[in-house]
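This report concerns selected features of a multi-chain model. It proceeds from a sheet and its helices to contacts between helices and chains, and closes with local backbone features.

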Amino acid sequence: MTLGLYTAGDSWLHRLFPITKLIFSLSAIAIIFGGPNKWLSAILPGVISILILWSAGIAWRALKLIVQLLTPIAVILFIVHGFFGPANHQILMRLGPFVLGQEGLMYASLIVVRLVSTLASSLLLVTSTHPGSLIQALEQTGLSRKLVYLLGSPLLLLPQMARRIQTIRSAQQSRGLETQGNLLQRIKALFPLVAPLVFSALVDVEERSLALEVRGFSAPTPKTNLTEIPDTTKQQVLRWGMIVIAVCFLVFEFWRKRNGYD
Amino acid sequence: MSLKEQLKKDFSTFTLALIAVAIVLNIVIGQIVSLLKLPIFLDSIGTVLVALVAGPWAGGLTGLLTNLIWGLITDPVAAAFAPVAMIIGIAAGLCAKYGLFKKWWGVIISGVIITVALSIIAIPIRVYMFGGITGSGADFITAYLLATGKDLFSAVIITVITDNLLDKIVTAFLAWFIVKGLPKRFISRTPRANAVLE
Amino acid sequence: MRICAENIHFTYPGNVKVLDNISVTLNPGEKVALIGANGSGKTTFARHLNGLLRPQSGTVWVGDWKTSEHSPAQLAQRVAYVFQNPDEQLFRQRVWDEVAFGPQNLGYSASQVENMVEQALSLMGLTNEANFNPRDLNYSGRKRVSLASALAMQTPVLIFDEPTASLDMKEKKQFSKVLKTLNLENKTTLIISHDMDFVVENVDRIILMYEGKMIHDTSTKHFFKDKELIENSGLVIPQLIRLSQELNHLDLALNVEQFIKERERIITTIKTE
Amino acid sequence: MVMIEVTGLTYYYPLSHTPALKEINLQIEAGQFVAVIGANGAGKSTLCLVLSGLIPTLFNGRMLGNVTINSMNTRNHTPGEFAGRVGLVLQNPTNQISEMRYTVFEEVAFGLENLGVSPSEMPERIEHVLRLTGLIDLRDRSPFTLSGGQRQRLALASMLVLDPPVLVLDEPTAMLDPQGSREVFHIIQTLTTKNTTVVITEHNLEWIAQTADRVIALNKGSIVLDGNPEFVLTSPLLETFGIDYLRYTQAARESQIYGLWPSQTPLPVTLEQSVLGFNRVSSIKKGGG
């Protein structure tokens with residue numbers, strides 16, 4: 001459950017410094033939603049992402065995830081906007097009382113393409129990067145250790161707490177709590193299950209914070225790292241390049257809109 | 001107290017450990033809800049709890065990071081709603097700060113305020129990024145409203161509010177009960193919790 | 001009430017065999033300890049006895065009920081099971097209400113519940129803490145609340161998972177008294193424990209598990225005769241047993257009283273020689 | 001050399017009107033191995049927090065008196081400054097994992113990283129403590145796949161790698177099975193040969209009797225007995241403080257009444273002492289015929 005999206009591997013993409021991939025995803029998303037030429041800006045980053053994923057051998061997995069995550073949204077988008085789109089004028093088809101409109105369909109298509117593109121570019125990051133490495137890279141880049149802790153420790157805490165839910169349920173069932181049955185019974189079971197989970201987690205907070213303290217978590221000394229994830233000058237240049245490109249696109253689009261080209 | 005000092009006080013190691021735990025609570029509590037097949041999410045209970053005992057900033061951070069982590073491990077789409085989750089924490093923290101979490105009716109009002117606050121952020125994200133659709137059951141409300149001739153924006157407003165109101169009120173109540181049941185030793189580490197306890 | 005397990009097998013997903021053909025009967029009025037290293041299958045077995053786990057083959061009888069035909073919540077009328085960590089079950093604001101949770105679930109009337117709660121609180125010495133927030137008590141206090149909330153259900157069978165962990169001398173003595181009371185009421189009690197000093201002084205029968213099998217099931221007195229078996233299973237041998245062995249006693253002492261009797265016997269034999 | 005000095009210490013937790021510790025005066029020499037015993041609620045854990053420098057700074061309670069650890073007054077130094085100077089191991093092994101690192105090796109490194117130790121120095125120090133704690137073969141495992149006993153050894157290793165002159169352990173075996181406890185005890189025992197000052201609260205009196213230089217008994221927040229294990233663990237007062245006797249001691253105490261324990265012999269705290277004592281009675285009786 002914890003590392004759900006990460007796919008282990010040793011491709012060039014996997015070996016890239018995580019921040020490079022992060023910057024790619026963020027720049028891509030900025031262009032998808034704010035770039036000039038709606039359709040081109042929406043499609044291009046997605047295509048590039050898929051090509052990159054393909055060269056790293058994890059395109060199929062990413063595509064499967066995209067289909068899995070977006071199918072419900074896409075289907076509903078087409079139905080809702082196709083039939084009920086407020087901007088519908090051009091009628092394509094009639095289905096009983098329902099009318100399929102071209103404007104709505106186009107709008108839905110644009111949203112779906114954008115979402116596919118967005119997801120593809122973010123999956124480029126998360127399927128090829130172990131969450132631990134991403135967090136360590138953020139730390140190397142200067143993110144404070146406190147924030148790093150907040151991002152990192154939940155990932156490792158998750159499976160333990162998920163297991164605890166089963167224990168709590170068993171313990172309360174042993175005290176006669178019915179967790180199935182009618183709605184009222186199920187509502188009644190909510191607090192006896194939620195509260196021990198929360199309380200037991202909160203009781204642990206003190207010990208966990210003490211354990212951090214005695215290991216120098218808030219020590220005034222500058223921190224070091226046992227290992228460093230390798231970064232290269234080439235990648236640094238590449239990152240700045242991507243940022244510059246994204247900013248240029250956004251500024252251009254902004255300028256265009258201001259001068260009324262749309 | 002300067003803002004910097006207040007932030008330092010709000011983010012002691014204890015609070016950090018608390019936030020980390022609350023993030024996990026947000027994520028795993030959904031398992032209980034689906035176990036019981038209840039029509040709510042409860043995915044911001046940790047956020048509201050932190051907001052009550054450690055203040056609006058800590059609460060906001062809990063929400064924000066919850067969705068970013070979600071994005072990292074299960075569904076990148078969740079990350080898009082990180083600002084929404086953040087507002088839930090800030091709103092709950094402010095409600096507590098101004099004494100709304102003292103009486104049961106104040107808790108209901110807080111639930112409403114939280115819902116309104118989150119809607120302000122959630123609606124533009126839903127409309128501009130997702131065309132008003134999120135792939136959940138709530139989309140039927142949007143579809144119905146559009147079919148009756150409402151424009152997309154108002155349809156989404158109504159959807160978001162109906163979808164969240166019950167959940168946020170229940171969340172606020174559960175968090176309130178839990179704070180009232182916290183041990184003294186815990187309360188003594190989180191002085192803000194006193195704003196909740198009479 | 002009699003509990004009877006017949007040829008139970010249980011394998012967790014991923015092919016880890018945890019219970020391998022277990023058959024055992026626990027009789028009314030019996031105090032039994034279930035011991036063994038972590039991972040030997042003790043907990044998995046015990047969770048079969050109140051229906052939290054269902055046997056993949058074989059049958060578990062609780063009185064005339066098959067566990068496979070009843071939900072754990074129903075079986076709670078007959079079997080109380082206290083989990084090791086009290087924090088994974090306590091949730092109410094007052095100790096009194098917490099202890100009342102079980103009886104309320106079992107459908108007793110308000111006045112019956114009151115009775116059951118008062119009795120359980122006094123058994124565990126918690127009467128003065130009835131209005132406390134359970135979480136304001138220290139760990140052993142919370143542990144005692146969890147024990148009380150099982151006692152309050154007044155079931156004919158009780159299972160305790162590490163009941164004495166973290167209890168101090170007085171608290172252990174109190175719990176030992178509780179076990180005696182239950183025994184007088186002809187209840188069946190099963191204790192899962194690593195606390196061998198407590199076990200030898202408080203149970204009549206010991207079941208030893210090893211890698212999913214019951215490798216020993218005998219009276220407490222008899223149990224320590226098999227020195228090799230005990231050493232191989234990594235158990236801590238109770239101090240008095242070790243002392244008895246070192247002094248070459250014929251009768252291994254389970255408590256100080258028995259030890260002194262044996263000393264007296266030896267001294268008198270020496271004198272008469 | 002005095003490593004820890006406590007003078008006139010009284011401590012109230014916030015929101016509490018009864019002191020958790022009362023008028024404690026205590027000096028602990030460098031290299032001493034001190035066991036603290038007492039009933040639940042006697043103040044053992046609080047004393048551990050005091051002796052590791054976390055009280056008063058971290059808790060908003062009220063403290064009278066002074067505590068100096070390694071010449072640092074705990075009022076004037078933050079826990080961050082005590083890190084590396086005082087180690088603390090707590091009850092629950094799981095809560096002591098940082099949850100920031102993915103392998104045992106990296107987990108041990110976490111404290112060193114926080115204290116700014118240079119990366120080139122780390123591997124040697126980590127390998128050393130992993131060997132000491134018997135975890136070297138598990139170095140690449142995730143801390144979460146370890147057993148309770150192994151995790152507690154990892155918590156110990158994570159402290160020992162910082163090489164603290166003082167190590168405080170608060171019931172380190174309370175949540176472990178016998179096998180796990182044995183492993184942890186074994187490691188702590190090796191520390192007695194080094195010059196580490198160790199303070200431990202522990203229920204296993206048999207182990208204390210064999211290992212500790214000094215035993216302190218607490219009752220309701222005050223020190224009521226303080227001396228070598230033979231003195232404290234056989235004190236006639238022990239029972240009144242809610243502390244159990246070793247079964248060896250108990251057997252001898254009751255045997256004494258019936259003349260089954262030699263009257264001039266001190267009560268035993270180890271198996272060897274009991275065997276010697278009881279056999280002496282038999283031989284006296286035999287000799288006296």
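In this predicted model, helix α6 of chain D, residues 178–192, lies across β3, β7 and β8 of chain D. The direction of α6(D) makes about 145° with β8(D).

**The sheet of chain D**

The strands touched upon here belong to an open sheet of 6 strands in the order β6-β7-β8-β3-β9-β10 of chain D, and the pairing in this sheet is mixed. Its edge strands are β6 (86–89) and β10 of chain D, each of which pairs on one side only. On average, and with direction ignored, neighbouring strands of the sheet are turned by 20° against each other.

Helix α1(D) also packs on this sheet, where it touches β3, β6, β7, β8 (197–201) and β9 of chain D. The direction of α1(D) makes about 155° with that of β7(D). The helix, which spans residues 44–51, is mostly covered, with 7 of its 8 residues buried. The buried residues of α1(D) are D:Lys44, D:Thr46, D:Leu47, D:Cys48, D:Leu49, D:Val50 and D:Leu51. After α1(D) comes D:Gly53, with a positive phi near 80°.

Three strand pairs of chain D are set out below, each with one pair of residues that face each other.

| Strand pair (chain D) | Sense | Bridges | Opposite residues |
|---|---|---|---|
| β6(D) and β7(D) (166–170) | parallel | 4 bridges | D:Val89 and D:Leu169 |
| β3(D) (33–38) and β9(D) | parallel | 5 bridges | D:Ala35 and D:Val215 |
| β9(D) and β10(D) (222–227) | antiparallel | 5 bridges | D:Asn219 and D:Ser222 |

Strand β9(D) covers residues 214–219, and 6 of its 6 residues are buried. From this strand D:Arg214, D:Ile216 and D:Leu218 point one way, whereas D:Val215, D:Ala217 and D:Asn219 point the other way. Residues on both faces of β9(D) are buried, including D:Arg214 and D:Asn219. With β10(D), strand β9(D) forms a hairpin that has 2 residues between the strands. In the turn of this hairpin, D:Lys220 has a positive phi of about 45°.

**Helix pairs**

Within chain A, helix α6 (residues 131–140) packs against helix α7 (residues 145–173) at an angle of about 175°, and their axes are 10 Å apart. Because angles over 145 degrees count as such, α6(A) and α7(A) are roughly antiparallel to each other. On the side of α6(A), the contact involves A:Pro131, A:Ile135, A:Leu138 and A:Glu139; these meet A:Arg145, A:Val148, A:Leu151, A:Gly152 and A:Leu155 of α7(A). By class, this contact comprises 6 nonpolar, 1 polar and 2 charged residues.

A second helix pair joins two chains. The axes of α10(C), residues 239–246, and α9(D), residues 247–257, come within 8 Å and cross at roughly 65°. This crossing angle makes α10(C) roughly perpendicular to α9(D). Here C:Gln239, C:Leu240, C:Arg242 and C:Leu243 of α10(C) meet D:Arg247, D:Tyr248 and D:Ala251 of α9(D). The contact of α10(C) with α9(D) has 4 nonpolar, 1 polar and 2 charged residues.

**The interface of chains C and A**

At this interface, 23 residues of chain C are in contact with 19 residues of chain A. The area buried between the two chains is about 1,900 Å², and carbon and sulfur atoms give 61% of that area. Which residues of chain C lose the most area to chain A? They are C:Glu88, C:Phe91 and C:Phe101, which together account for 31% of what the side of chain C buries.

**Local backbone features**

In chain D, a cis peptide bond with omega of about 10° joins D:Ile55 and D:Pro56. D:Pro56 belongs to the loop between α1 and β4 (62–69) of chain D.

In chain C, two residues that are not glycine have a positive phi. C:Asn21 has a phi of about 55° and lies in strand β2 of chain C. With 40% relative accessibility, C:Asn21 counts as partly exposed. C:Glu211 has a phi of about 45° and is placed in the loop between β9 (205–210) and β10 (213–219) of chain C. C:Glu211 is exposed, its relative accessible area being 57%.

C:Gly14 is located in the loop between β1 (3–12) and β2 (16–26) of chain C. Is C:Gly14 buried or exposed? Its relative accessible area is 67%, and C:Gly14 is therefore exposed. The C-alpha atoms of C:Gly14 and C:Leu208 are separated by 25 Å, and the two residues are 194 residues apart along the chain.

Notes. Residues numbered from 1 in each chain as written. Chains lettered and ligands numbered in written order. Predicted model: local features only at pLDDT ≥ 70, side-chain atom pairs only at ≥ 80, totals over all residues. Heavy atoms only, no water. Buried < 20%, exposed > 50% of the residue type's maximum accessible area, 1.4 Å probe, protein only. Pairing = 2+ DSSP bridges. Axes fitted to C-alpha atoms, helices over the stretch in contact; angles between N-to-C directions. Parallel < 35°, antiparallel > 145°, perpendicular 65-115°, else oblique. Contact = heavy atoms within 4.5 Å. Nonpolar A, V, L, I, M, F, W, Y, C, P; charged D, E, K, R; others polar. Buried area = accessible area lost by both parts, 1.4 Å probe.
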